[in-house]
Amino acid sequence: MNNWIQNFKISDPFWKRYEDLLTDVVIPYQEAALRDQIPDAEKSHSIENFKMAADVMQNGAEPGEYYGMVFQDSDLAKWIEAASYSLLQKPDPDLEARLDEVIETIKDAQYPDGYLNTYFTLKAPDKKWTNLQEAHELYCAGHMIEAAVANYEATGKTVLLDTMKRMADHIYQRFVVEGHPGYPGHPEIELALMRLYHATGEEKYKELSAHFINVRGVDPDYFVKEAAARGWQVWGMEAEDRTYAQNQMPVRDMTKATGHAVRAVYLYSGMADLAAETGDKDLIKACRTLWDNITTQQMYITGGIGSTVHGEAFTKDYNLPNATAYAETCASIGLIFFARRMLELEADGRYADVMERALYNTVLAGMQLDGQRFFYVNPLEVVPGISGVVPGYRHALPQRPKWYGCACCPPNVSRTIASIAKYAWGLKDETVYSHLFLGGELDLTKELGARITVETRYPYEGKVKYHIEGVPIRMAIRIPEWSRHTKLLVNGVPITVWPYKGYQYISDAQTIELYLDMDPVRVYASSRVASDSGLTAVMRGPLVYCAEGVDNGGDVLSLRLAGNGQIIAEPYTDTLCGTVKLKADGYCVHTEEGTLYSTTRPKLEPVQIDLIPYYTWGNRGLNEMRVWLPEV
């Protein structure tokens with residue numbers, strides 16, 4: 001089922017604010033950025049690149065000067081996806097007209113044989129398909145295919161869909177029919193082709209996705225050979241670094257998540273999507289193994305992945321530094337993609353638990369609360385003057401910029417929020433799955449003859465109430481692993497909570513009331529995580545909390561949690577666009593002044609430590625911030 005976004009109308013305070021922010025602020029702001037209209041912000045030029053390419057294709061004009069990253073087309077594609085889905089929530093004739101105009105420009109930039117990429121049209125028309133390792137042709141095609149499917153699903157219009165079908169047909173002709181070797185340096189098209197297959201029902205798109213998945217790593221030297229033959233480069237990437245691009249072995253043999261984190265989870269998402277469709281047991285096993293490696297050995301408490309700036313990559317199991325964490329926003333979005341597709345493979349709450357963790361923490365932290373600034377990197381500790389300044393820490397910015405020269409993350413956040421319903425719900429074997437807890441109305445009258453209304457103030461309150469009208473249905477409600485004491489009432493009667501693989505299955509109910517345990521809890525990392533040795537984190541519900549300087553006298557490095565102290569949730573307030581803050585018993589450590597080292601034992605002053613949700617940090621100026629705090 002692909003129409004969750006059309007069928008679900010959000011009403012709860014938390015996600016309704018984000019929906020309104022997206023339609024009223026974020027999408028117009030990002031459009032302005034793509035049109036180079038944001039003062040003092042990095043230039044995009046993405047729309048202008050397409051205009052110049054269209055002029056070349058339609059009028060035979062001399063190519064203008066291409067500007068931006070080799071994958072600049074993909075920024076526009078992700079914005080188109082977000083804008084298309086936003087029209088379902090808030091019809092906007094002006095936005096739709098501008099969207100149609102941009103899509104016409106994209107169509108006009110296409111070659112007669114279906115090829116579409118502004119970098120090669122404007123800058124290197126004689127070098128098409130010669131640098132799969134670096135040049136992102138298949139990556140850009142994948143994102144524009146996703147945009148085309150979204151635009152079709154949201155508006156019913158087929159201009160962009162037809163355009164990208166021609167591009168997909170061109171790729172099929174080259175790599176399947178003609179048998180040219182190769183696979184994408186940056187995976188993305190694999191999952192995009194599966195979306196195109198689901199939208200159109202055309203088998204060749206599934207076949208093409210399977211082709212790229214199946215040939216990857218069979219010849220682990222492909223990029224080495226390609227680099228030797230082509231005689232040109234984009235960045236001078238190391239073709240010999242096979243783990244960086246996940247081509248060190250065939251995908252079914254992979255057991256560890258390696259290399260560039262975004263590339264990895266995009267690839268694994270495509271693998272899981274294909275496996276769910278085909279039932280390929282070896283592919284399913286590989287997906288499960290890779291999932292387990294990421295989530296039990298290489299994932300931050302916030303759902304961030306990719307622990308080093310060097311290659312934006314996974315490193316080694318349990319290597320999770322806080323102050324130098326990379327944890328790219330796009331990587332957590334990719335982890336959400338992977339989780340959602342694993343849920344299609346098997347209904348297991350552990351996938352939804354991680355999906356929720358990544359969403360409410362790293363992904364939401366990737367955008368400022370006003371919707372006009374964005375994080376690419378999401379560290380778990382920030383010290384102004386060091387973070388963003390000192391070599392090794394320069395990537396870990398303490399404040400969100402307006403835009404980026406490499407702007408993959410901002411529109412990725414937008415399209416994820418715009419499509420939140422498809423991560424919240426699932427339908428399998430006549431069972432409706434509630435993966436995430438969003439207040440609103442789900443209309444399944446055409447599919448099942450039922451309508452589900454959800455009332456909640458999640459994630460700050462633990463009550464979720466479902467009203468089911470119409471034909472009796474079977475529901476599966478996720479019982480989060482973090483909820484230690486959960487209560488359920490069906491038609492007003494308490495029942496025993498006995499979940500199967502994280503879901504409570506309930507049939508023929510008119511009302512279901514779920515009460516989750518929202519008491520704050522302390523979280524301790526494995527002793528194998530050296531960076532968190534002796535440290536404690538605090539969570540409440542799905543939210544990771546942190547200490548920020550503005551709430552704690554400007555100094556969080558001196559704070560210590562009291563081991564036997566209380567952590568109390570304060571009443572919900574409008575602070576930081578509506579949050580529940582925590583107060584924890586703790587201490588401020590006073591060391592001897594005027595010396596770097598001392599034999600004098602530090603003095604402990606009892607204090608109350610204020611904690612805020614991690615996704616809200618960095619919204620009140622330059623501050624210290626810490627997720628993991630020492631405990632005494």
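Glutamate 455 has lysine 465, in strand 7, as its bridge partner. The model examined here is a predicted one. Strand 7 covers residues 463–470 and runs antiparallel to strand 6, residues 450–456, to which it is joined by 7 bridges.

These two strands belong to a wider sheet. The sheet is open, has 7 strands with antiparallel pairing, and follows the order 1-5-6-7-12-9-10. Its edges are formed by strand 1 (8–10) and strand 10 (493–495), each of which pairs on one side only. From one strand to the next, the twist averages 20°.

Aromatic side chains were examined next. A pair of aromatic rings is described by the distance of the centres and the angle of the planes. Rings of Phe, Tyr and Trp count as a pair if their centres lie within 6.5 Å. By this rule the model contains 35 aromatic pairs. In one of them, phenylalanine 14 and tryptophan 15, the ring centres are 5.4 Å apart; the planes stand at 75°, so this pair is edge-to-face. Phenylalanine 14 has a relative accessible area of 10% and is therefore buried. Tryptophan 15 also counts as buried, because its relative accessibility is 1%.

A second edge-to-face pair is made by tyrosine 115 and tryptophan 129, whose ring centres are 5.5 Å apart and whose planes are at 90°. Tyrosine 115 is located in the loop between helix 5 (93–108) and helix 6 (118–122), while tryptophan 129 is in the loop between helix 6 and helix 7 (137–155); the pair therefore ties together parts that are 14 residues apart in sequence. Tyrosine 115 counts as buried, with 1% relative accessibility. Tryptophan 129, with a relative accessible area of 7%, is buried as well.

Phenylalanine 14 and tryptophan 15 are also members of an aromatic cluster. The cluster further includes Tyr18, Tyr360, Phe437, Tyr458, Tyr460, Tyr572 and Tyr615.

Charged side chains were found over aromatic rings as well. The ring of tyrosine 115, already described as a partner of tryptophan 129, has the charged end of lysine 128 over it, at 4.7 Å from the ring centre. Tyrosine 115 is thus placed between two descriptions: an edge-to-face pair with tryptophan 129 and a charge over its ring from lysine 128. Lysine 127 lies over the face of tryptophan 232, and the distance to the ring centre is 5.9 Å.

Conventions:
Residues are numbered from 1 along each chain as its sequence is written. This is a predicted model: local features need pLDDT of at least 70, side-chain atom pairs count only at pLDDT 80 or more; totals for chains, interfaces and linings use all residues. Side-chain values use heavy atoms; hydrogens and water are left out. Rings of Phe, Tyr and Trp (its six-membered ring) pair if their centres lie within 6.5 Å; planes under 30 degrees apart count as stacked, over 60 as edge-to-face and the rest as tilted. Buried means under 20% relative accessible area, exposed over 50%, partly exposed in between (1.4 Å probe, protein chains only). Helices (H or I, at least four residues) and strands (E, at least two) are DSSP runs, numbered from the N terminus. A charge sits over a ring if NZ of Lys or CZ of Arg is within 6 Å of the ring centre and within 35 degrees of the ring normal. Two strands pair if DSSP finds at least two bridges between them. Axes are lines fitted to C-alpha atoms, for helices over the stretch in contact, and angles run from 0 to 180 degrees between N-to-C directions.
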